[in-house]
Amino acid sequence: RAKLNNQISEGMQLFGADSSLVYAFSALEFARKCKNPNTIGMAYLNIATAYDLAGNYTKALKNAIDARKIFEANNSKQFLALCFHRLGQISYHQSETVEDENKTGFYNDALKFYNKALQIEISLGNQIETINNSIEIGRVKFDIGDPVSALVILKEALKTSEKNLSADKSDSDYASYIHNVAKASYNISLIYIAQDSLKSAINYLAKAVAADSILGNKEGLAGIRMAEMYLLTGDNNLAIKLAHQNYDTALVYGYKLRQKQASEVLFRALAANGNFDDAYKYLLISKTLGENLRNEEHTKEITSLELNYEFEKIEKQKEEQRKEENARTNKIMYLGLALLVIVIFIALIGYRNNKLKQKNNLKLQLAHDLIEEKNADIMGSIRYAKRIQEAILPPSSVMNEILPDSFILYKPKEIVSGDFYWIDKTNDGFAFAVVDCTGHGVPGAFMSIIGNNALHRTVHEFSLNIAGEILDKMNDLVEETLRQKNNTEIRDGMDISLCVIKNENGKKILEYAGANNPIYIISDKEIRELKANKQPIGAYENKKPFETQRLELKGNETIYMFSDGYADQFGGAKGKKFMYKPFKELLLSFENKNLSEQQEILSTKMDEWRGSLDQIDDICIMGIKVN
C-alpha cells in the first residue's frame with residue numbers, strides 16, 4: 001500500500017494529464033493486486049482527475065462513478081467526499097464548453113455534488129475541505145444568478161480561512177488556508193466586477209494576488225483574466241506575453257480548456273498588433289479545441305447515468321472488457337501519442353500548403369472582421385481603464401467633506417496613471433497625500449493599487465496617525481507585497497508627500513513626512529518648503545525611519561503637494577524642462593486667487609508650455625487652503 005500511495009502521488013505531480021494517466025493506470029494495476037477496495041477506488045479517482053484535466057469528461061465521469069461505487073460500498077466517507085468534490089468539478093468544467101443557454105444543467109449538477117461533499121466534510125470535522133467546498137458552492141451560485149447568496153458564502157469562507165492562518169508558515173495547513181484565501185478573494189472580486197463595484201473588486205483581487213505570491217504562484221487564479229485586462233487597456237504586447245505563458249503551460253500539461261482560453265486571447269491580441277498570420281493560427285487552434293471539447297463529452301447522457309445510479313448492470317457488461325483493456329492500456333496510450341504526432345505533422349503540411357494558396361483572400365477577410373472588432377475593443381478599453389482609475393481615487397463627495405477648499409490637477413500621461421492622490425480620516429483628524437509610483441500607464445496603475453491599499457491598511461487596520469509612522473508601516477507593507485525583503489533586485493516603489501492635520505488643545509497642527517517629495521506652504525506672499533527624506537517607499541539600502549515634521553497652522557495657509565511630472569515636462573521655445581523654481585514663482589503669483597482659478601491657471605500654463613511635445617510623465621498637483 002505504501003508503494004501504491006507513492007505511485008499515485010508521483011503520477012499526479014508529473015507535468016501533464018498524459019503523464020498522470022500513465023501513473024494512475026499503473027497504480028490501478030498494483031491496487032488490484034493488493035485487493036484493497038479503498039486503494040482501488042482512489043486509483044479510479046486519480047484517473048478521473050487526469051481525464052478531467054485533459055478535457056475528456058466522458059471518461060472522467062465514468063471513472064469517478066466507479067470510485068463512488070467502491071467508497072459507498074465500504075462506507076469510506078472521507079474518500080467519498082473527495083469523489084463528490086471531483087464530480088462537482090467535472091460538471092462545472094463541462095459548463096465552460098457549451099453556450100450560455102446550455103450551462104444551467106451543468107451548474108445544477110455541480111451544486112448538487114459540492115453540497116454532498118460539504119455535508120460529509122462537516123460531519124468529519126474537516127474544516128479546510130469544508131471551506132474549499134463552500135467556495136465552490138459560492139462560485140456556482142454566482143454563475144446561476146444568485147450573487148447575494150454567493151457573496152455571503154464566499155465572505156464567510158474568506159473570514160474563516162484568514163482566522164485560521166497559522167503564524168508558523170511551515171505548518172502543514174498554512175498553504176491550504178492561504179490557497180482558500182486566494183480562491184475566495186478572487187471569486188468575490190468577480191462578483192464585484194459584475195456589480196460595477198470596481199474599488200471593492202480591486203481590493204479583493206489584490207488580496208488574491210498577495211496570497212498567490214506567498215504560494216509562489218506568479219500567475220495565480222487570474223492568469224487568463226489578467227491577459228484580457230492588458231488587452232482591454234491596450235497593452236497588446238503584455239497580453240501576448242502572458243497569454244503565451246498560459247498557453248505553453250496548458251500545452252505541456254495537456255489542459256485543453258486552458259489552451260482554448262489562452263488561444264482566444266492570443267488571436268485577439270496578435271490581430272490588434274497587425275500580426276494576421278499568427279492570429280489566424282490561434283483562431284484555428286481555438287475553434288478546433290472548442291469542437292474537440294464538445295465532441296468528447298456526450299455529457300448529459302453520462303450525468304443522467306450517474307443520477308440514476310445504474311452501476312451494477314454497467315459493471316457486469318464491462319468487467320470482461322476491463323480485464324483486456326488494462327493489459328493493453330499502456331501500449332494503446334503510447335501508440336495513440338505516436339499517431340497523434342504523425343497526424344499533427346501531416347496536418348501542418350496540409351495547412352501550410354493551403355495557407356500559401358489562400359493567403360491573400362484570408363488576410364482580406366480577416367482584416368475586415370478585425371477592423372470592426374478592434375473599433376469596439378478600443379472604446380471598451382478606454383471605458384474600462386477609466387473606470388478602474390476612478391474607482392481607486394477618492395470620490396468628489398469625500399473631497400468636499402474632508403477638504404472643502406481644495407483642488408486636484410490630475411493629468412495621466414496615458415489612459416491610466418502611476419500617480420494618485422489619497423484622502424482619508426484618521427482617528428483624530430484627517431490625512432492626505434500625493435503619490436508617484438514607479439512607471440506610468442498599466443504598470444504604474446498596478447503599483448498605485450498596491451500603494452493605495454497600503455495607505456488604507458496603515459490608517460484603518462493598524463490605526464496609525466503620525467505621519468512618519470504611517471510612511472514606515474506603508475514601506476513595510478509595500479516591501480511585503482512585492483517580496484522585496486529577500487530580493488533586492490526588485491526596485492519598484494513610490495515617492496510620496498503625506499500630511500496629517502489634527503487639533504491639539506485648540507491648535508491646528510500639521511504633521512508632514514515625505515519620501516523624496518517635498519511640500520510647499522504659502523502664506524503672506526512667502527513660500528516655505530518642507531523637505532522630504534531622500535529615500536523612497538520600497539526597497540532601498542540603509543533606509544532610516546521617516547522623519548515627522550510638525551508645525552502650528554495660523555490660518556490662511558495654502559499647502560501644495562505634487563509629483564515631479566509638472567516640473568520635469570519639456571516645452572517652451574528651447575524644449576527644456578519647466579523646473580521647480582518657475583513652478584514656485586507661478587504658485588506665488590496667484591496666491592490671492594481662489595483654488596479653482598489656481599487649478600485652471602496651472603492647467604493652461606502647462607498646455608502652453610508643452611505645446612506640440614508629448615507629455616513625458618503623469619502629473620498630479622493638490623492644493624489645500626487651511627483657514
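This report describes the overall make-up and the salt bridges of a predicted protein model.

## Overall architecture

The protein has 627 residues, of which 47% count as buried. Its secondary structure comprises 22 helices and 13 strands. Among contacts with a separation of 6 or more, 66% are between residues 24 or more positions apart.

The exposed surface of the protein is about 31300 Å², and carbon and sulfur atoms supply 51% of this area.

## A salt bridge between strand E1 and helix H22

Across the whole structure, 19 salt bridges are found. In one of them, Lys 411 pairs with Asp 607, with 3.8 Å between the closest N and O atoms. Lys 411 belongs to strand E1 (residues 406–411) and Asp 607 to helix H22 (residues 595–610), so this salt bridge ties together parts that lie 196 residues apart in sequence. Asp 607 has a relative accessible area of 38% and is therefore partly exposed.

## A network of salt bridges

Salt bridges link Asp 428, Lys 502, Glu 504, Glu 511 and Arg 550 in a network. Within this group, the side chains of Lys 502 and Glu 511 meet at 3.2 Å, N to O. Both Lys 502 and Glu 511 are buried.

Arg 550 and Glu 504 also form a salt bridge through their side chains, at 2.8 Å from N to O. This pair links distant parts of the chain, as Arg 550 lies in strand E9 (residues 549–553) and Glu 504 in strand E4 (residues 493–504), 46 residues apart. Arg 550 is partly exposed, at 45% relative accessible area, and Glu 504 is likewise partly exposed, at 28% relative accessibility.

How values were computed: Residues are numbered from 1 along each chain as its sequence is written. This is a predicted model: local features need pLDDT of at least 70, side-chain atom pairs count only at pLDDT 80 or more; totals for chains, interfaces and linings use all residues. Side-chain values use heavy atoms; hydrogens and water are left out. Helices (H or I, at least four residues) and strands (E, at least two) are DSSP runs, numbered from the N terminus. Buried means under 20% relative accessible area, exposed over 50%, partly exposed in between (1.4 Å probe, protein chains only). Contact means heavy atoms within 4.5 Å. Accessible areas come from the Shrake-Rupley method with a 1.4 Å probe; for residues, only the protein chains shown count as cover. A salt bridge is a side-chain nitrogen of Lys or Arg within 4 Å of a carboxyl oxygen of Asp or Glu.
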